[in-house]
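Biologist: Could you take me through the backbone oddities in this one, loop by loop? I'd like a close look rather than a quick tour.

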Amino acid sequence: MPAPGPAETLALFDASSFRDFADGPVPAADLLALLATVTWGDLDGRAKRRYPSGGGFYPVQVYVYLAPGAVAGADPGLYYLHPAERALIALAPDARYGTDLHVFHNRALVEGSAFGIFLLSTPAAIAPAYGERNAARFSTVEAGHIAQLLLTGAPGWGLGMCAVGEMDFDAVRADFGADDDQELLLSLWGGALTADVRARREALRADASAAPHAPHAAPTEDEGAAVAVVGFAAELPGARTLDELDALLADGGTATGPVPEQRWAPLASRARRAGAAVGGYLEDVLAAEAEEFGIDPDEGPAVDPQERLLLSVARRCFEDAAVVPARLAEQGPVGVFVGSMWHDHALHGVTARAAGRPDEGTHATRGGLAHRTSHTFGLTGPSVLLDTGCVSGLAAVEAAYRAVADGRCTAALAAGANLVLHPDHLDVLSEMGLVAEDPDSCAFTDRASGWLVGEGVGAVLLKPLERALADGDPVHAVLRGGALQHSGTTRQYGVPDPQRQEETMRSALADARLAPADIGYVEAAAAGAALADALEFTALSRLFAADAGAGETVPVGTVKPNTGHLEAASVFAQLGKVITQFRRTEVYPTVLTGAVNPAVARTSGPVALAGRRTDRWRTAPGRPRRVLVNGFAGGGSYGSLVVEEPPAGAPRDDDGTARALPLSADTPANLALLADRLADAWERDPGLTVASVARTLREGRTDRPARAVLVAGRATAPDGLRALARRVRREGAGIAEPAGSAPADEPAPVGRWLAGERVVWPSVDAPRAALPATPLNQVSFPLPTTGAGGRDDGLSARLGRMWGLGPAEDAAPEPGAGPAPREDAPEPGGRPAGGAGAGRDLAAGGFERLARIVAAETGVPAERLTPGQDLFELGATSRQLLRIAARIAADGGREPSLEDLFTAADLGALAEAAYPAHPPATV
C-alpha cells in the first residue's frame, strides 16, 4: 500500500465527529448543498444517487430539523427531504426539539446544534421483496452510507456533525407522520465549524494541495466556488496600472480621443459615421519586448501586435502576482485562455501577398495569441482562443475560472486583446451601424447612438482561493461564479432578449450560490446602443425586483464612457474598475455626456445609475461586497461574472528588521527606473512591509543581468531606493546600497548574487505583495502598409439595424420613397385584404394614428404603411424607436414598453398594443 500522505490526513480529519460549533447562523446555501448529496441526480439520462441500496428500493427517508434562528434564510421547523424534487418540504413549522428528547451525554451537543438530520426506515418499501429481517438489515446498511456521505462531506461546506443513535422518537413521531413500523435508525446533529477548526482544515488542505507528484485533485463544490484573482495587468486607454485607472475613474475622466490614423498610413478610413473618428486608443501598440521573448527582428513584423503586446501584459501579470511562470508550472498544469474577435493585422498580409510581396506577409491565425503565450512562459495546460464577439474576454475568464474550479488546472491565465490595426476595422463597424453616429455618444444618455471603439489588452491570473491564501499570494478579487448563454432564436438575428439576459445573470448567481440581494453593484455591459442599454437596465430591474421598496437601490455603472468599448477585451477594463473600486467605500460616478436616456429615466425601482460621490455599495453589514459584471454581445452571446472583494488579510506588522532587497532588470537604466517606481509604491502604500517586499523580489521576479541590492528597514527603504537609483545611473549596475543594519544571514548571499550567481535567500515569513512591474527595453515593428491597395465597401448594415443601431441616417427621403407596398396592401388608410394584419380588431383610427407617427420618424409616407410591415423592415434606428414610443404617449396612446418595440410582430400588433380596441378598465 502507498504510504499515507497529506491527502489522507485531510480525509481522516473530515471523517471526524464534531460536537462544538461556531456561534451565529449557518448559511442555508451551505446546508442545502450538503443535503443535495443524498438526493437524486442524473447520469447519462438516468436517475442515480451517490450511495447504493438493496434492490434499488432506497427505503431510508431523510428528514431535517432547523433550530429557531440557527439557519440564515430558512424558517425553523421540521422538513422532509424530497429526493426527486431536491427540495425541503415543510412538515411541522412549529416543531421545537429540545434536549429533553436525548440522553444526558448528548444534550449539550443538541443544544448547540443548528440543525438535526433524521434517517427513518420504511419497511413497506422493501419488505415485500426481501422479507422483514433483510429489510431491517438493508435499511441499516443504507443509513450508514447516507451518514458517511453527510459526515465526511460536511467539513467541505464549513459544517460539522456528530451521529446520535438514541432519542425519544415516539414523543415526536406525529410530527413526522411516521407509520407504526417506521423507526429512527440514526440522527445527525451539527452546525458551523469553529474558526480554529476551519483554520486547521485549511492548513491540511494546503498541505494536501502542495504534495509533490500527487495528481491535482478536483476541488469540492464549495471550494470550486472561490477562485482568486492573484494577478492583474492591462494596457488600457489612459491607464497602464491600476493606480492610473483609479485616478481616471475617480475624476470621472475619459481617455477617448482622435483615431491615430498615422498608425496605418497611407491607408485611410472610409467610415461614414462620425463616431468612428474618435475612440479610446493606446499610445503605442507597435512596440515589443522582443529581446525578452526571443522575437527575431525578421520575424517581428509578421507577428500580430496583439500577440506581442499580450506577451508583455502576461509578463506583468505574473510579476503582479509575485510568481515566476516556470515555478508556477512546476506545481501543475497552467491554462491559457484568450478572448479575441478581430484579426486586423492579417489584412495587411493579404494585401502584400496579392501584390506579390510574400516577404511582407503576416501570421494568419489568431491561435497564436494563446499558443505563443503558453510557449513563451512554458505553460502546459489548455491553450485556447475564444471568439464570441464582445463577450470573448469574459468567456476567457469564465473558461479559466472553470478550469481552476474543476481542478483541471492549478492556475490559469485569462486574457483578451483588441487593437485597431487596419482602417477596415472602423469601416466594417460603420457599415454595420454599430459604431456611434456622433462623437459624443455615451451609454445611458440621450446621446447614445452606438459605441466608441476602444483598444486594450488585459490579463488576470487565477488560483484557488484557499491555495492562494496558503501560498501568501496577493489577492485582488475573488470569482464566485459565472454563466455563458446565448439568446437563441429571437425575432431577428441580433435582436437582444432582456429575458435571456436576466436568465444569464440568474444563472451566474446560482452558480455562485448567491441571490440578487447579495449583489452590491453592477458593472453593466452598456456601451452606447440606446435600446440595448435600456433593455439591460430593464433586465436588471427585473433581477432585483424582489428588492424594490427596500429603501436602498443597487448602483449600476459602466466603464465604457471612460475608456471606449474595448470589444473582445472589454471585461478587463471592467475587472480593473471593480478591483480598484473594492479599495474604496464609494462607487465610481457614471460618466454621462447628456441627459439620461428617457427609457432608463422612466425605469424606477431597485436599480439606479451610480452618481458622482453619492452612491455607496449596497451591502448588508458583515457581508462581503459583491459585483455582477455583464457582457452582452450583439450576436446574442451573453455572459455574467460574480466577483467578490478579497478577504481581509491579517494586519501587516513590520518588526523593523532590515532585509536585503534584490532588484534586477535588463539594463542599468531600467534598473534605476524600477527602484524609483518601488519607492513611489511604498509612499502610496504605508502598510507595505519590508518583509513582504523582500519575499516578493526574491521569489516572484526573474533574475536579470543588471542587478543591485538595497539593505534597509521600513523607515529607510523609500529614500534608500531613490539613493540606489541615483547611484545606478552614475555608476551602473552591480552595486549594493546599505541603508540599515540587517541580521548576518541577510547580506550573506548579496555578493554572489550581484556577480550573477543563483543563490538561496533566507526565507521570509510574510505574504507577497503586488509591486510595480519591471521595465524592459522595447523595439518597434511598423505595420506592413507599404503599397497597400484599395479596399471594397458594401458590407450589409442589417446586423446593426437589428441591434438597434441602423446605418448613418441620410437626409429625409424623397417623397414617395420607402419599401414597396405588398401585394395585399390596402388603399391609403385602409386595412389589408389578408395576411399578417387581416382580421384584427384595431381601435378606430389606431393604425392610422400609428402610421402618421411612424411616417414622421422614418420618412416613409403613411399611405404606404400597412399593418403587415414591421419597424425593423423599415430600417428604424435606435433613436427613432424611442421617439416613436414617446410620440405614441403624447398622442394619447399607451406608451409601448421596450419589449413591445422588439417583440411586436408588425405594425398592426404594435397598433393594438398602443391603441387597444378595448382598453382595460381602471378603478
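Modeller: Start with proline 266, which sits in the loop between strand E12 (257-258) and strand E13 (278-279). Keep in mind that this is a predicted model. The peptide bond joining alanine 265 to proline 266 is cis, with omega at about 10°. As background, most peptide bonds are trans, and most residues other than glycine have a negative phi.

That second point brings us to two other loops. Arginine 513 has a positive phi, near 55°, and it isn't a glycine. You'll find arginine 513 in the loop that runs between helix H17 (498-511) and strand E20 (521-523). With a relative accessible area of 23%, arginine 513 counts as partly exposed, because that label starts where buried, under 20%, ends.

Then there's glutamate 567, another non-glycine residue with a positive phi, this one near 50°. Its loop links helix H19 (560-563) and helix H20 (570-582). Glutamate 567 has a relative accessible area of 0%, so it is buried.

While we're in the loops, have a look at aspartate 181 too, between helix H5 (173-176) and strand E10 (184-192). Aspartate 181 is partly exposed, its relative accessible area being 39%. Together with Glu132, Asp179 and Asp180, Asp181 forms a negative surface patch. Membership of such a patch takes over 30% relative accessible area, so the 39% of aspartate 181 clears that bar.

Terms used
Residues are numbered from 1 along each chain as its sequence is written. This is a predicted model: local features need pLDDT of at least 70, side-chain atom pairs count only at pLDDT 80 or more; totals for chains, interfaces and linings use all residues. Side-chain values use heavy atoms; hydrogens and water are left out. Patches are made of residues with over 30% relative accessible area and no salt bridge: like charges are joined within 9 Å, nonpolar side chains (Val, Leu, Ile, Met, Phe, Trp, Tyr) within 5 Å. Accessible areas come from the Shrake-Rupley method with a 1.4 Å probe; for residues, only the protein chains shown count as cover. A salt bridge is a side-chain nitrogen of Lys or Arg within 4 Å of a carboxyl oxygen of Asp or Glu. Lys and Arg count as positive and Asp and Glu as negative; His and the chain ends are not counted. The place of a charge is taken as NZ of Lys, CZ of Arg, CG of Asp or CD of Glu. Helices (H or I, at least four residues) and strands (E, at least two) are DSSP runs, numbered from the N terminus. Buried means under 20% relative accessible area, exposed over 50%, partly exposed in between (1.4 Å probe, protein chains only).
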